[in-house]
Amino acid sequence: MQYDFDTVINREHTDALKWEPCILRDKFGEKDMLPLWVADMDFKAPQPVIDAIVKRAEHGIYGYTIRLKDYYDAIMEWTEKRHHWNVKKEWIVFTPGIVPAVNYMIQAYCLAGDKVMIQTPVYYPFGKAIANNGCQVVDNALLYDGRNYTIDFDDFEKKARDPRLKLFILCSPHNPIGRVWTKEELTRIGEICIANNVIVVADEIHHDLILEGHTHHVFANISKDLAKQSIICTAPSKTFNLAGLNTSNIIIPNKELRIRYEQVLENNSIWGQNPMSIDGMKAAYREGEPWLDALLLYLEENVRFMDNYLKDNLPCVKLIRPQATYLAWLDFTEVTTDDTLLEKLIFHDAKVALDGGTWFGETGSGFMRINFACPRRILQEALERITKSVSEYCQASRE
Ligand SMILES: Cc1ncc(COP(=O)(O)O)c(C=O)c1O
């Protein structure tokens with residue numbers, strides 16, 4: 001079966017956050033931009049998903065909808081098939097999105113003033129969720145050697161010893177730096193968190209998007225002890241481009257932790273689900289696998305294309321080669337360390353919308369994140385525009 005990821009699909013008039021000119025104007029100060037920012041893809045979902053949603057839509061009645069055995073089976077089958085992880089039905093707790101789930105977890109496991117650890121540069125809603133719920137952000141900043149990122153375990157251990165540190169939010173694979181953590185790294189995280197009674201929230205929303213040569217390990221699947229200490233967040237949203245359907249699987253093997261989490265959902269009356277998301281998710285997990293395998297090949301080719309393009313045309317901008325996700329972290333520090341200037345070059349001169357590096361924390365200064373889940377033609381045009389504006393700036397500053 002041939003899959004078409006090359007066709008450029010017009011997303012105008014679909015209220016797409018990524019493309020809407022009024023959103024771009026508010027966010028970037030420009031409305032006519034090429035958007036390679038927010039994390040959704042410019043590809044259609046797999047055909048079986050579209051068919052399932054159309055069929056459900058044609059039924060015409062969209063009343064209250066509940067999750068039945070088939071829903072849980074689809075999640076369990078997928079998790080077993082792709083990740084060799086045997087999940088029990090009762091471990092799965094529906095939540096309408098992982099970001100809401102992270103907020104609910106802070107409410108479930110922390111008191112005001114408690115501390116929650118993250119690893120910047122990292123997906124920015126984590127820090128916001130911690131602060132919005134009256135807790136303190138503790139940063140175990142990742143170490144950057146000019147090519148790769150690693151974990152500062154001495155700092156991690158020191159911070160984990162603080163009795164007020166209740167949660168650690170692990171981004172696995174990591175957004176935006178694209179690391180797939182090794183089994184050794186995950187095991188060490190687990191050991192430190194167990195020793196210090198820190199609950200690990202493993203946000204694995206990108207874990208189906210592993211690029212060639214890398215192996216992902218579900219945190220809770222490494223050992224029974226790690227399973228007891230952790231909550232695993234998964235979803236079909238990144239994998240199959242279903243983010244707008246607002247569904248996620250919060251998997252909590254530890255009964256005591258699950259009861260506390262479910263109580264917060266109950267307190268907020270979180271239970272109802274969009275019927276489209278139920279049918280869409282089942283079709284994705286049951287029939288979307290060949291599409292996903294083809295998508296991963298296309299994404300890998302986009303990484304190669306971007307890497308070669310930058311090496312040939314703009315070697316002063318370094319691509320941190322992603323091991324997973326469709327997001328890549330670009331190091332502009334050789335061009336400038338002034339983020340206002342960098343934003344001018346990319347947002348206003350090139351008119352390309354990327355996620356600003358400092359959105360991910362101070363450690364993101366001098367970087368930007370590019371979303372390469374788009375037809376290669378769009379990626380090429382974005383790189384050409386960036387090359388032109390950055391080269392002109394470099395040329396002018398030499399003169
Ligand atoms: C690491 C990570 N977690 C969560 C989300 C969003 O999850 P949701 O849309 O389910 O709230 C994203 C989206 O980019 C993400 O990158």
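Ala, Val, Leu, Ile, Met, Phe, Trp, Tyr, Cys and Pro count as nonpolar, Asp, Glu, Lys and Arg as charged, and the others, Gly among them, as polar. The exercises below concern a predicted model.

**Exercise 1.** State how many residues line the second largest pocket and how they divide by class.

*Solution.* Start with the space: the second largest pocket holds about 300 Å³. Next, take its lining, which has 16 residues; Arg-82, His-83, Ile-210, Thr-215 and His-216 lie nearest the centre. Two elements, α3 (69-83) and α11 (289-313), each give two or more residues to this lining. Finally, sort by class: four residues are nonpolar, eight polar and four charged.

**Exercise 2.** Check the span of α3 against the value expected for its 15 residues, then describe its buried residues.

*Solution.* At 1.5 Å a residue, α3 should span 21 Å. The expected span is 1.5 Å times one less than the number of residues, so the count is reduced by one before multiplying. The end C-alpha atoms of α3 are 21 Å apart, which agrees. Buried residues in α3 include Tyr-71, Tyr-72, Trp-78 and His-83. The buried residues of this helix pack against β2 (92-95), β10 (248-251), α10 (275-287) and α11. After α3 comes His-84, with a positive phi near 55 degrees.

**Exercise 3.** Describe the lining of the largest pocket by domain and by class.

*Solution.* The largest pocket contains about 1,400 Å³ of space. Its lining has 50 residues, with Ala-39 and Asp-40 among those nearest the centre. Domain 1 (21-46 + 289-393) and domain 2 (61-287) each contribute at least three residues. By class, 26 are nonpolar, 13 polar and 11 charged.

Key
Residues are numbered from 1 along each chain as its sequence is written. This is a predicted model: local features need pLDDT of at least 70, side-chain atom pairs count only at pLDDT 80 or more; totals for chains, interfaces and linings use all residues. Side-chain values use heavy atoms; hydrogens and water are left out. On a 1 Å grid over the protein atoms alone, a cavity is a set of points where a 1.4 Å probe fits but cannot get out, and a pocket is an open set with protein on both sides within 12 Å along at least five of seven lines; lining residues have an atom within 4 Å of a point. Grid points are joined across faces, edges and corners, and a volume is the space filled by probe spheres set on the points. Domain bounds come from an automatic or database domain assignment. Helices (H or I, at least four residues) and strands (E, at least two) are DSSP runs, numbered from the N terminus. Buried means under 20% relative accessible area, exposed over 50%, partly exposed in between (1.4 Å probe, protein chains only). Contact means heavy atoms within 4.5 Å.
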